[in-house]
Amino acid sequence: MDSVYVAVVAGAVLAGFVQGLSGFGFSLVSMSLWAWTVDPQLAAVLAVFGGLTGQVIAAVSMRRGFDARLLWPFLAGGLVGIPAGVAILPMLEVHVFKAALGVLLAVWCPVMLLSRHLPAIRAGGAAANGVVGLIGGVMGGLGGFTGVIPTLWCTLRRFDKDVQRNIIQNFNLATLAFTMLGYVVSGAVTREMLPMFAVVAPAMLVPTLIGARLYLGISDAAFRRIVLTMLTLSGVALLASSIPTFFAG
């Protein structure tokens, strides 16, 4: 089998499990593997497709709450930000973006993980949530990273695991669907990519369901540790995959 297909399958399996467990993270995990062998434009489209597929699986397999009062500011900001991210994607130096995101995650997440006594953020209300959603939307348009900043924000807000998962899953489902539509309309999705879609969807199905089942048995504290640890590892992997590109130039 072609090495690209092997990489795509491996990334989809691992990222599907992570998304099933945490409710987000398909793009982070898959891109940390795909960045080594898959064309950046193809990787971005596949990451959005895989993340969206995972959210659809979650919507069918798990009951989720829906708190419109909490969700709407995130969603409104996200839908505004997505077109900007889609427009920027063709012009973006991908390795610069990955390095910046990798540094953010690799530095900030361990601080949050080790500093349990950091005060919860209560200020800002719906306006702050909307700004966070806007940033998530822009990052979603750049490659499906819709849940990264909203997840960090929800952690800082000290939402419990079910509230956080409900916000992130509903936010991701809507924003990833809109991002995928934007990719199709902008021409980022090509006919040559379609066979890869048929590889990603079945490869991630069972791992996503397994991760979702494990989620049901973990505590709030364990969920927070898992999320922050996965974000840290993803940040390190993104940073590692971007560094060789700087020296190659």
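**Phe171**

I started with Phe171, which lies in helix α8. This is a predicted model, so I keep that in mind for everything below. Is Phe171 buried or exposed? I get a relative accessible area of 0%, so Phe171 is buried, the cut-off being under 20%.

Next I looked up what surrounds Phe171. Leaving aside neighbours within four places in sequence, I find contacts to Leu71, Phe74, Leu75 and Gly78. Further along the chain, the contact list of Phe171 also has Gly133, Gly136, Gly137, Thr146 and Pro150. I also checked a C-alpha distance: Phe171 and Leu79 are 9.7 Å apart in space, with their positions 92 residues apart in sequence.

**Helix α7 and the residue after it**

Pro150 turned up among the contacts of Phe171, and Pro150 is also one of the buried residues of α7. So I went there next. How many of the residues of α7 are buried? I count 10 of 10 for this helix, residues 148-157. The buried set includes Trp153, Cys154 and Arg157. Polar names are in there too, among them Thr151 and Thr155.

Just after α7 comes Arg158, with a positive phi of about 65°. I noted that one since Arg158 is not a glycine. Arg158 sits in the loop between α7 and α8, the latter spanning 161-186. The relative accessible area of Arg158 is 29%, which makes Arg158 partly exposed.

**Tyr183 and the core**

Which residues have the most contacts inside the largest nonpolar core? My list reads Leu28, Trp34, Leu101, Tyr183 and Val200, in a core of 67 residues. Helix α3, residues 40-61, gives the most to this core, with nine residues. For background, nonpolar side chains tend to be buried together in soluble globular proteins.

I picked Tyr183 for a closer look. Skipping neighbours within four places in sequence, I find Tyr183 in contact with Ala44, Val45 and Val48. Val86 and Leu89 are on the list for Tyr183 as well. Then there is a run of Gly140, Gly141, Leu142, Gly143 and Gly144, and finally Ala188 and Val189.

**Pro119**

For contrast I wanted a loop residue. Pro119 is found between α5 (94-114) and α6 (125-141). Is Pro119 buried or exposed? At a relative accessible area of 63%, Pro119 is exposed. I also took the C-alpha distance from Pro119 to Ala58: 32 Å, for a pair 61 residues apart along the chain.

**Whole chain**

Last, I stepped back to the whole protein. I count 10 helices and zero strands. The radius of gyration is 17 Å, close to the 18 Å of the globule rule for 249 residues, so the protein is as compact as a globular protein of that length. Along the principal axes, the C-alpha atoms fill a box of roughly 45 × 40 × 35 Å.

Buried residues come to 52% of the 249. For contacts with a separation of 6 or more, 84% are between residues 24 or more positions apart.

On the surface side, the protein exposes about 10,900 Å², and carbon and sulfur atoms supply 72% of that. I also looked at the charges: there are 14 positive and 8 negative ones, and their mean positions lie 12 Å apart.

Notes. Residues are numbered from 1 along each chain as its sequence is written. This is a predicted model: local features need pLDDT of at least 70, side-chain atom pairs count only at pLDDT 80 or more; totals for chains, interfaces and linings use all residues. Side-chain values use heavy atoms; hydrogens and water are left out. Helices (H or I, at least four residues) and strands (E, at least two) are DSSP runs, numbered from the N terminus. The radius of gyration is taken over C-alpha atoms; the globule rule is 2.2 Å times the number of residues to the power 0.38. Buried means under 20% relative accessible area, exposed over 50%, partly exposed in between (1.4 Å probe, protein chains only). Contact means heavy atoms within 4.5 Å. Accessible areas come from the Shrake-Rupley method with a 1.4 Å probe; for residues, only the protein chains shown count as cover. Lys and Arg count as positive and Asp and Glu as negative; His and the chain ends are not counted. The place of a charge is taken as NZ of Lys, CZ of Arg, CG of Asp or CD of Glu. A nonpolar core is a set of buried Ala, Val, Leu, Ile, Met, Phe, Trp, Tyr and Cys residues joined through side-chain atoms within 4.5 Å.
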